[in-house]
Structure formats: structure tokens, C-alpha cells
Amino acid sequence: PTAATTTTTTATVAATATVQLPEPDLLHLEASVRSVDSDNSGHVDFAEFLAAMMDPAIESRPDLSQAAYRSFDRDGDGTIDKQDLARVFESATIAEQLLRLGDTDEDGDIDYDEFMALLRV
């Protein structure tokens with residue numbers, strides 16, 4: 001990506017997140033988005049998300065997995081719910097599918113431990 005593309009990606013991530021990420025987390029998240037965004041659209045679509053979920057490296061990097069978790073927690077309440085997923089994937093259907101898959105305690109949201117378990121699926 002060009003410098004302008006990188007800046008745009010950073011602005012998009014920062015503008016849509018409801019939490020303020022420290023600069024190192026933002027840089028990790030930006031690098032993660034770029035590495036997963038195979039079509040260079042500036043967004044991670046469902047297929048790209050699934051491909052990233054299969055990468056075992058994210059589990060060994062707590063900084064990356066925590067930054068990824070916070071990026072899905074769009075309202076910043078500490079959990080990922082259906083609305084958060086629908087905002088990320090721009091699809092209520094995908095949000096419902098992921099919630100059914102990841103919400104193992106069936107409380108209506110995905111906590112960090114469930115998120116990490118979802119990465120192992």
C-alpha cells in the first residue's frame with residue numbers, strides 16, 4: 001500500500017472503533033488488517049476473516065489477539081454482540097452465524113475467551 005492508502009486505512013480503523021487504541025495497538029491492528037485484506041479493499045470481508053482465523057500466529061501474539069478483539073467490540077462494552085458483528089461484517093446473517101458459533105455459554109455475546117476459542121475452530 002502507498003502512504004496515502006496506509007493513512008486512509010488507519011483513519012478508517014480509528015474512526016470506526018469506539019475505543020481509543022494506544023499507538024502500538026493501532027499499528028498492530030493496521031498491519032493485521034493489511035495482511036488479511038487480500039484484495040486491498042481497506043475492509044476485511046468474511047472470506048478474508050475466515051482465512052485470518054485459521055492463522056495460528058494470532059493465538060501466540062496476545063497483543064494482536066487483544067487488538068483484534070477490541071476492533072470487533074465496536075461499542076466498547078467489553079464483549080462482542082450481534083450488533084458489533086453486524087457492523088464489522090455489514091451482514092446480520094453473518095453476525096447471527098458467528099454468534100451461534102462463538103457464544104458457547106449462550107449469553108448473547110462473545111467474551112474474550114470465547115473469541116479465542118473461535119479462533120481455534
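# Helices, a core and two salt bridges

User: Let's start with a small detail: what phi does Glu90 take just after α6?

Analyst: Keep in mind that this is a predicted model. Glu90 comes just after α6, and its phi is positive. The value is about 50°.

User: Now the big picture. How many helices and strands does the protein have?

Analyst: Reading from the N terminus on, the elements go α-α-α-α-α-β-α-α-β-α. Tallied up, that gives eight helices and two strands.

User: And what percentage of the protein's residues is buried?

Analyst: To count as buried, a residue needs a relative accessible area under 20%. The protein has 121 residues, and the buried share of them is 36%.

User: Which elements give two or more residues to the largest nonpolar core?

Analyst: In soluble globular proteins, nonpolar side chains tend to be buried together. Here the largest nonpolar core holds 19 residues, and Phe72, Ile80, Leu85, Phe89, Leu98, Ile110 and Phe115 have the most contacts inside it. The elements giving two or more residues to this core are α5, α6, α7 and α8.

User: Let's look at α2. What length should this helix span?

Analyst: Helix α2 covers residues 23-36, which is 14 residues, at 1.5 Å a residue. The expected span counts one less than the number of residues. Its end C-alpha atoms agree with the expectation, which is 20 Å.

User: How wide is the arc that the buried residues of α2 cover around the axis?

Analyst: In α2, the buried ones are Asp25, Leu26, Leu29, Glu30, Val33 and Val36. They sit on the same side of the helix, because the arc they cover is only 135°.

User: Which exposed residues are on the face of α2 turned away from its buried side?

Analyst: Ser35 lies in helix α2, and its relative accessibility is 60%, so it counts as exposed. It has a partner on that face turned away from the buried side, so to name both: Pro24 and Ser35.

User: How far apart in space are Ser35 and Glu48, C-alpha to C-alpha?

Analyst: In sequence, Ser35 and Glu48 are 13 residues apart. In space, their C-alpha atoms are separated by 9.6 Å.

User: Moving on to α6, within what arc do its buried residues fall?

Analyst: The buried residues of α6 are Asp84, Leu85, Val88 and Phe89. Looking down the axis, you see them line one face of the helix, because they fall within an arc of 115°.

User: Which backbone nitrogen does a side-chain oxygen of Asp81 reach at the start of α6?

Analyst: That oxygen comes to within 3.1 Å of its target at the start of α6. The target is the backbone nitrogen of Gln83.

User: What about α8: which residue caps its N-terminal end?

Analyst: Inside α8, the buried residues are Glu114, Phe115, Met116, Leu118 and Leu119. At the N-terminal end, a side-chain oxygen lies 3.1 Å from the backbone nitrogen of Asp113. The capping residue that supplies this oxygen is Asp111.

User: On to charges. Which residue forms a salt bridge with Lys82?

Analyst: Side chains of opposite charge can pair when their charged atoms come close. A search of the whole structure turns up two salt bridges. In the one with Lys82, the closest N and O atoms are 2.9 Å apart, and the partner is Glu96.

User: Where do those two sit, and how many residues apart are they?

Analyst: The pair links distant parts of the chain. Glu96 is in helix α7 and Lys82 is in helix α6, which puts them 14 residues apart.

User: In the Asp84 and Arg87 salt bridge, how far apart are the closest N and O atoms?

Analyst: Both residues lie in helix α6, three residues apart, about one turn of the helix. Asp84 is buried at 0% relative accessible area, while Arg87 is partly exposed at 46%. The closest N and O atoms of this pair are separated by 3.6 Å.

User: Which side chain of opposite charge is nearest to Arg74?

Analyst: Arg74 is in the loop between α5 and β1, where its side chain reaches the backbone oxygen of Ser71 at 2.9 Å. Arg74 is buried but has no salt bridge. A salt bridge needs a distance within 4 Å. The nearest side chain of opposite charge is 6.7 Å away, and it belongs to Asp84.

Conventions: Residues numbered from 1 in each chain as written. Predicted model: local features only at pLDDT ≥ 70, side-chain atom pairs only at ≥ 80, totals over all residues. Heavy atoms only, no water. Helix = DSSP H or I, 4+ residues; strand = E, 2+ residues; numbered from the N terminus. Buried < 20%, exposed > 50% of the residue type's maximum accessible area, 1.4 Å probe, protein only. Lys, Arg positive; Asp, Glu negative; His and termini not counted. Polar contact = N/O pair within 3.5 Å; in protein donor to acceptor, adjacent residues only side chain to side chain. Core = buried A, V, L, I, M, F, W, Y, C linked by side-chain atoms within 4.5 Å. Arc of directions from axis to C-beta.
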